[in-house]
Amino acid sequence: MPEADTDASVALRRVVLAVESGLRQSLDIVPERLGEADLSAGYPTRHFVRGWRIPIEFPDGETRRIDLLLGAGFPRSYPRTSLVDRPEHLTWPHIEHDGILCLLPVMAEIDASDPVAVSLNLVSRSVRLVTELLEGSIIERDFREEFLTYWFYGADGARAPSVVSLLRAEAPSRTVACWRGERGLVIVGEDDAQLGRWLRNRYGEPGKNKTFHIERAAFIWREQPPVPSEYPRTGSDLLSSIASDGDVEALVAAASALPEELLVVMGATGRGGNGLFAVTTTSARKSRSRAGRIEKPLTRGFRDKTLTPQIAIARTYSSAPLLRSTVSRADALWVHGRGKDARSETLLGKICTVIGCGSVGSSVATRLAHAGVGQLNLVDFDKLAWSNIGRHELGAESIELNKAEELARRLRAGLPHLEIEGFPIGAHTLISSKSNVLERSDLIVVATGSWQADGELNEWHLAGGRRNPMIYGWTESHACAGQAVTIAALGGCLRCGIEATGVPKFELTEWPDGATLEEPSCGNHFQPYGAVELGAVVSLIAEASLDALLSPPDQSSHSLWLGSSDQLGSSGGSWTTGAQAVMGDHRGGLVTRRSWTASQACPLCSSALLA
């Protein structure tokens, strides 16, 4: 039996012969085959395995050659085409440095069963693109609409700083703040406070008697993106191009701070929205003289305080070359939806407190952070144990440390634009000594698994007039079902649907032989389910939380998740009569919501609250 790679080689040869035959019949020419040496010389980084060179006569009377190129994954991966006879790079859009034409999106799918048609179609697309480029009307338009792509091609690569932006990518032009890290990393933020907070969240405190050294930078909003012929090459180019837009105030202010090198971030609007790009000046950098002395080109001949703004501007924006950088956006709106999720602005302005950071609460908090809730308060008195980590967001590095503080630290480092604080206390202490944390929360999520804590929180909520919603979430045994109760100003309180001992009046599962196992120690019981089974319950509670943050509810409600009937049965449980009525013909995997009504028998609700 032949080896798999031999079979693949035979199959590729058959496809190649079919494509070559299709080119001959369709174009009425004999295309020139490209050998291995031709492919390696013309496309050294592409790893093409087959190719043809095709002469095409264009409307201007010139014959230009187009290469059709196949990779080893063809026909499952689409072929590429290249314009051999082309102008200098960045003269025309949609052409990479080695002539490869950009015709399809990166994740484009093709019909692998008809490689001849796919190949001919791409050759035809290539001819149409070159014809349009020769006509000229799309050149400036496409350069400006897709300006970040072409700025990337014209950037200085590893020689230039690696810029990460926390800025809002919008007008007006303004002075901003930046911090320089190792290996050319530069973080730029709106001001010292925002940038400093982000750095502390990401990297921790800088150490005793140390601070993050923050410098001035400039942000310039451009009326339209530049085309490659307009890219600034020197500081004076930059100054004159910005002056043509009529706003150099931020450049002047940033230069007046006498930086050794100045970062200038620019923004503009393309077809896909707003984008950022950056340059760094080089003229004012420290240098070493032949005698070994450090020279400061910016202040040469002046004391720092006597250097006039005019000289500072002239020396900063001189004929010395600029370094062009791409910009990686790390601002909150970009992280949470790439600037296109309308919910992000609302969520970033919200404060949510999560009480209980165990297996359920830690995952709910993590999802809310990733959804972009701007401020999270995490509350839990307990420490992480080895038995927790199989279904907890934290791992071995946090053993014997407080769950709330460790989860807050981890989330701050991973999402440093958010404000996240951990409180190593229980619900009682939170109410008695930190009630302001609760009072200023837009939403409180409770996942304690303790009726003592839940009941006390419910009483606090009622006493305060239920001004903001609270969500109580829990799993039923073996995570075969889950519930989330949203308590709003109207409708039932938590106690309306909970017995005096903390048992829900409406349960979804029942366990004739009991649902827990016992550890080999007195009184310690557990249920052997993992993070996978827990995922749907976490999603139920997190979704209810997002709904309450985005559209604060007036009425209390009850969300239910009923898992797999097969999982429930194999774990020794069955559905209750109430669950069966909810499920109907479903076999599980059902999410539903219903009202959570006030109960006349509730000992906490007064008649005025029974609306």
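**Salt bridges, sheets and a helix pair**

In this predicted model, Arg144 forms a salt bridge with Glu230, and the closest N and O atoms of the two residues are 3.2 Å apart. Arg144 belongs to helix 4 (residues 139-145), whereas Glu230 sits in the loop between strand 8 (214-221) and helix 7 (235-245), so the pair ties together parts that are 86 residues apart in sequence. The two partners fall into separate accessibility classes. Arg144 has a relative accessibility of 11% and counts as buried, because the limit for that class is under 20%. Glu230, at 39%, counts as partly exposed.

By the rule applied here, the model has a count of 26 salt bridges. In general terms, side chains of opposite charge can pair when their charged atoms come close. Another of these pairs is Glu96 with Arg46, whose side chains meet at 2.7 Å, N to O. This pair also links distant parts of the chain: Glu96 is in the loop between strand 4 and helix 3, and Arg46 is in the loop between helix 2 (36-42) and strand 2, with the two positions 50 residues apart in sequence. Glu96 has a relative accessible area of 15% and is therefore buried. Arg46 is partly exposed, at 22%.

A further salt bridge joins the side chains of Glu170 and Arg168, with an N to O distance of 3.3 Å. Glu170 is partly exposed at 35% relative accessibility, and Arg168 is likewise partly exposed at 35%. Elsewhere, salt bridges with shared partners join Arg46, Arg80, Glu96 and Asp98 into one network. The pair of Glu96 and Arg46 described above thus has both of its residues in that network.

The strands named around this pair lead to the open sheet. Four strands form this sheet in the order 1-2-3-4, with antiparallel pairing. Its edges are strand 1 (32-33) and strand 4 (80-83), each of which pairs on one side only. Strand 1 pairs with strand 2 (residues 48-57) in the antiparallel sense over 2 bridges. Within this pairing, Arg33 has Trp52 of strand 2 as its bridge partner. Helix 3 (residues 115-135) packs on the sheet and touches strand 2, strand 3 (63-71) and strand 4; the direction of the helix makes about 140 degrees with that of strand 3.

The second strand assembly is closed. In this barrel, 7 strands follow the order 5-7-6-8-9-10-13, and their pairing is mixed. From one strand to the next, the twist averages 35 degrees. Strand 9 (residues 263-270) and strand 10 (residues 273-280) pair in the antiparallel sense over 8 bridges. Leu263, for example, has Thr280 in strand 10 as its bridge partner. Strand 8, which precedes the loop holding Glu230, is also a member of the barrel.

The last element is a pair of helices. Two packed helices are described by the angle between their axes and the distance between the axes. For helix 12 (residues 359-371) and helix 17 (residues 531-550), the angle is about 50 degrees and the axes are 9 Å apart. That angle makes helix 12 oblique to helix 17. The crossing of helix 12 past helix 17 is right-handed. On the helix 12 side, the contact residues are Ser359, Val360, Ser363, Val364, Arg367, Leu368 and Ala371. They meet Leu534, Gly535, Val538, Ser539, Ile541, Ala542, Ser545 and Leu546 in helix 17.

Conventions. Residues numbered from 1 in each chain as written. Predicted model: local features only at pLDDT ≥ 70, side-chain atom pairs only at ≥ 80, totals over all residues. Heavy atoms only, no water. Pairing = 2+ DSSP bridges. Contact = heavy atoms within 4.5 Å. Axes fitted to C-alpha atoms, helices over the stretch in contact; angles between N-to-C directions. Salt bridge = Lys/Arg side-chain N within 4 Å of Asp/Glu carboxyl O. Buried < 20%, exposed > 50% of the residue type's maximum accessible area, 1.4 Å probe, protein only. Parallel < 35°, antiparallel > 145°, perpendicular 65-115°, else oblique. Left-handed = near helix turned anticlockwise from the far one by under 90°.
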